[in-house]
Amino acid sequence: MDDRPLDPETLGDHVDRLYRAAWALCGSREDAEDLVQETFARVLAKPRRVHASGELPYLLVTLRHTFLSGRRAAARRPATAPIPEEAEPVDHRTALRPDAAVAAHEVFAHIAALPPNFRDALVAVDVAGLSYGEAGDLLGVPEATVASRLHRARAHVAARMDPDRTGVSG
C-alpha cells in the first residue's frame with residue numbers, strides 16, 4: 001500500500017471538479033460553494049495521507065461524507081415555517097388578561113399535582129404538542145398507554161377545576 005501525505009498546496013488543482021460534484025449533490029451553486037469550503041476545512045484540519053491513486057478520489061469521498069453529515073445534522077434540526085399572515089399572535093402580557101393568567105396558573109398547578117405518568121403524558125401531548133406516537137416514543141410506552149394516561153390526566157384536571165363535575169374526584 002503506497003500512501004503519501006496530502007499536499008495542501010495542490011488542493012486548488014481540484015476545486016473545479018469538487019465544485020461540480022458538490023453542485024450535483026446539493027442542487028444549488030451557493031450550497032456547493034459552502035460544501036467545497038467545508039470539505040477543504042476538514043481536510044486541512046489535520047495532516048492526511050492519500051493512496052497512490054491520487055488526491056481527487058480522497059477529496060471526492062471526503063466531499064460526499066461532508067455532504068451526508070450535513071444532511072443528517074439538518075434532519076435532526078426542527079423544521080421552521082413562516083407564520084401565516086392571518087395568524088394572530090398570542091398575547092403573553094398577563095396584565096392585560098388577568099383572568100386568563102389566573103386560569104393558566106390554576107391549570108398548570110393541577111397538572112403539576114398529577115401522578116408522574118399522567119402528568120408526563122399530558123405535558124407531552126397537550127402542552128408540548130407531540131402526537132400520541134411521538135409521546136409514546138419519548139415516554140417509552142405504547143401509543144395506547146399514552147391515550148389512556150392522557151384521558152385520565154385530563155379527567156383529573158377537569159375534576160379539580162370544577163369540583164361539581166361528576167366523574168373523577170380530586
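In the predicted model, valine 127 is placed in helix α5, which spans residues 116-127. With a relative accessibility of 45%, valine 127 counts as partly exposed, because the partly exposed class lies between 20% and 50%. Together with Phe108 and Val123, Val127 forms a nonpolar surface patch whose accessible area is about 250 Å² in total.

Helix α5 also contains aspartate 126, whose partner in a salt bridge is arginine 154, with 2.7 Å between the closest N and O atoms. This pair links distant parts of the chain, since arginine 154 belongs to helix α7 (residues 143-161) and the two residues are 28 residues apart. Aspartate 126 is partly exposed at a relative accessible area of 38%, and arginine 154 is likewise partly exposed at 37%.

The count of salt bridges comes to three. Another joins the side chains of aspartate 120 and arginine 119, at 3.7 Å from N to O. Aspartate 120 is partly exposed, with 32% relative accessibility, and arginine 119 is partly exposed at 27%. A further salt bridge connects arginine 42 with glutamate 38 at an N to O distance of 3.8 Å. Both of these residues lie in helix α2 (residues 29-44), separated by four residues, or about one turn of the helix. Arginine 42 has a relative accessibility of 33% and so counts as partly exposed; glutamate 38, at 40%, is also partly exposed.

Helix packing was examined for α1 and α3. The axes of helix α1 (residues 15-26) and helix α3 (residues 55-76) come within 11 Å and cross at roughly 30°. Helices α1 and α3 are therefore roughly parallel to each other, and their crossing is right-handed.

Methods:
Residues numbered from 1 in each chain as written. Predicted model: local features only at pLDDT ≥ 70, side-chain atom pairs only at ≥ 80, totals over all residues. Heavy atoms only, no water. Patch = residues over 30% accessible without salt bridge, like charges linked within 9 Å, V, L, I, M, F, W, Y side chains within 5 Å. Areas by Shrake-Rupley, 256 points an atom, 1.4 Å probe, with all protein chains shown as cover. Salt bridge = Lys/Arg side-chain N within 4 Å of Asp/Glu carboxyl O. Buried < 20%, exposed > 50% of the residue type's maximum accessible area, 1.4 Å probe, protein only. Axes fitted to C-alpha atoms, helices over the stretch in contact; angles between N-to-C directions. Parallel < 35°, antiparallel > 145°, perpendicular 65-115°, else oblique. Left-handed = near helix turned anticlockwise from the far one by under 90°.
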